Amino acid sequence: MPKYEEDYKLKFLELGFDGSNGDFVMFWTQYNDEITGKIGALYPFAYEVRDFSKSLTVILRNQLNLPCNYYSLFNFENEDYLFYDKSSDNVLFIKSENIQKFIKDAWLPTDVWYLSMTIVYRYHCCQLVNRD
């Protein structure tokens with residue numbers, strides 16, 4: 001619904017999302033629903049943005065010191081992590097056993113997966129591709 005799309009866009013803007021995050025913002029403001037795939041379910045991220053202070057991302061920042069450029073796209077039901085990196089406009093898949101190393105050492109293993117949000121927006125699907 002257009003009213004909600006505008007509300008979501010304003011919330012994203014308040015969080016510092018800009019033109020470089022345009023596909024990501026457009027996708028979540030227009031298609032805000034849970035998406036289930038092979039590696040887990042993407043949480044309806046725009047709902048998180050509505051009350052960001054109570055979001056999973058804020059919880060992970062407080063509990064695990066998740067850097068501020070990452071936003072969680074999985075909910076607590078998943079053991080692994082899927083983060084949107086606002087700085088690079090990519091999505092990273094991190095296995096649960098690597099989360100501390102990823103956060104503390106900014107470690108990116110060779111099995112980190114990236115996803116162009118343009119692909120998600122155009123096809124409304126989540127197909128992860130290896131960065132190599």
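## Strand β4, its partners and two cores

Biologist: Which residues point one way from β4, and which the other way?
Modeller: In a regular strand the side chains alternate between the two faces of the sheet. In this predicted model, every β4 residue listed here is buried (under 20% relative accessible area, 1.4 Å probe, protein chains only). One way point Y81, F83 and D85; the other way, L82 and Y84.

Biologist: What pLDDT do local features need?
Modeller: Residues are numbered from 1 along each chain as its sequence is written, and side-chain values use heavy atoms, without hydrogens or water. Side-chain atom pairs count only at pLDDT 80 or more, totals for chains, interfaces and linings use all residues, and local features need at least 70.

Biologist: Which residues stand opposite Y84 in β3 and β5?
Modeller: Strands are DSSP E runs of at least two residues, helices H or I runs of at least four, numbered from the N terminus. Pairing takes at least two bridges. β3 (residues 70–72) runs antiparallel to β4 with three bridges, and β5 does so with five. The partners of Y84 are Y71 and V91.

Biologist: Which residue in the β4–β5 turn has a positive phi?
Modeller: The two strands form a hairpin with four residues between them. The phi is about 60°, and the residue is D89.

Biologist: Which element gives the largest share of the largest nonpolar core?
Modeller: Such a core joins buried Ala, Val, Leu, Ile, Met, Phe, Trp, Tyr and Cys through side-chain atoms within 4.5 Å. This one has 20 residues; F12, F24, W28, F45 and L73 touch the most other members. α1, α2, α3, β4 and β5 each give two or more. The largest share, four residues, comes from α2.

Notes
Buried < 20%, exposed > 50% of the residue type's maximum accessible area, 1.4 Å probe, protein only.
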